[in-house]
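Subject: Structure handover

Hello,

I am passing on a structure that you have not worked with before. Please open it first; my notes on it follow below.

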Amino acid sequence: MHPVMLLPTGADTKELRKALWHYRIGHRITDEADGQLLWVADPRQHDEMRSLVSRWERGEPLITETVRPHHRSGMNRLVPVLRQVPVTALIIGISLLVFALTGVFGDLLIVGLTIVPVGVSGGQLVYGSLSDTVMSGQVWRLLSPAFLHFGWMHLIFNLMWVWYFGRQIEQLQGSRIMLLLLVVAGIGANIAQYVTGTVLFGGMSGVVYALLAHVWLMSYRAPQCGFFVPQMLVVFMLGWMVFTMTDIAGSVGFGNVANEAHLGGLLVGLVTGWYYSSKRSKH
């Protein structure tokens, strides 16, 4: 978030905020000692925001076509947003594609993306070792399980949070950091799950928990950077992770969860969040 201007204390900003959201200008208004501070998420929208504020101060209508004379379709509005967050968009796109192709190719595709090659011999599941898999050149398997999802709810839940947290990271810290988190958290979470003896697992949950931890620490330790996550959301997601580790979860049908992957991703996010927030807080 970037500070734009100070509004009068006690001013009714309801119409202004409505207009800002109407024109898709991400913002926050915080109460300060000398007034209400208006922040903008994307600095490229700074001038557009100031124009709207000026109209609001003069009492003019805010939601008119004169502010944005060129009407754009939903797809045309979406493309610029996706260009701002290419890594986040790529994660979602690949996950959707893999999910669709799984419906076509079934187990043939799944065994090609599991962390180690899997097969059936004599009615039993057999699989190779991770070291042999990597030495044979199948390095993609270290990350590929993150793109496997085994149901619509699993897919939607993960991608919803990838979009929520990933957009913040990529817009505020850049695509390089987002790509680093995907690779490190994805591989770290997959290896953490593998060392427990599990090979048939998948999902972006480990990465999601890394993004959660990263954004939370950045918002907590370097609030000037503009990161934001509701505290109740943090409590809910951490509580859910703990719940799925208990015997109660198994008794109500939630036992088949990659708990170690969640924990591995969370630890990665805590490390990166602490590191980058420390760097920002020194400036």
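**Overall make-up**

The secondary structure of the protein chain consists of 12 helices and 5 strands. Please keep in mind that this is a predicted model. The chain has 283 residues, and 43% of them count as buried. Among its contacts with a separation of 6 or more, 71% are between residues 24 or more positions apart. The exposed surface comes to about 15,300 Å², with carbon and sulfur atoms supplying 64% of it.

**Annotated segments**

The UniProt record, an unreviewed entry, lists several stretches under "transmembrane region", among them residues 81-101, 108-127 and 147-165. I looked at two of these in the model. Residues 81-101 are 95% helix and 0% strand, and the C-alpha atoms at the two ends are 26 Å apart. Residues 108-127 are 30% helix and 40% strand, with 15 Å between the end C-alpha atoms.

**The cores**

Which residues touch the most other members of the largest nonpolar core? They are Ile91, Phe165, Ile169, Met204 and Met237, in a core of 44 residues. Helices that each supply at least two residues to this core include α4, α5, α7 (152-173), α8 (175-194) and α10 (231-244). Helix α9 gives the largest share, 9 residues.

Isoleucine 91 is a useful place to start looking. Setting aside neighbours within four places in sequence, isoleucine 91 is in contact with Phe147, Val162, Met178, Leu182 and Met204. Apart from this core lies another one, of 16 residues, which includes Met5, Leu38, Leu52 and Trp56.

**A nonpolar patch on the surface**

Leu97, Leu101, Val104, Phe105 and Leu108 make a nonpolar surface patch of about 520 Å². Helix α4 (residues 86-105) contributes the most to the patch, with 4 residues. Leucine 108 belongs to helix α5 (residues 107-113).

Is leucine 108 buried or exposed? Leucine 108 counts as exposed because its relative accessible area is 65%, and the cut-off for exposed is over 50%. In soluble globular proteins, nonpolar side chains tend to be buried together. For comparison with that tendency, the patch residues Leu97 and Leu101 fall within the span 81-101, which the unreviewed UniProt entry lists under "transmembrane region".

If you only have time for two views, I would take isoleucine 91 with its contacts, including Phe147 and Met204, and then the surface patch that includes Val104 and Phe105.

Regards

Conventions. Residues are numbered from 1 along each chain as its sequence is written. This is a predicted model: local features need pLDDT of at least 70, side-chain atom pairs count only at pLDDT 80 or more; totals for chains, interfaces and linings use all residues. Side-chain values use heavy atoms; hydrogens and water are left out. UniProt positions are given in the numbering used here, feature names are shortened, and annotations may be inferred rather than shown by experiment. Buried means under 20% relative accessible area, exposed over 50%, partly exposed in between (1.4 Å probe, protein chains only). Contact means heavy atoms within 4.5 Å. Accessible areas come from the Shrake-Rupley method with a 1.4 Å probe; for residues, only the protein chains shown count as cover. Patches are made of residues with over 30% relative accessible area and no salt bridge: like charges are joined within 9 Å, nonpolar side chains (Val, Leu, Ile, Met, Phe, Trp, Tyr) within 5 Å. A salt bridge is a side-chain nitrogen of Lys or Arg within 4 Å of a carboxyl oxygen of Asp or Glu. A nonpolar core is a set of buried Ala, Val, Leu, Ile, Met, Phe, Trp, Tyr and Cys residues joined through side-chain atoms within 4.5 Å.
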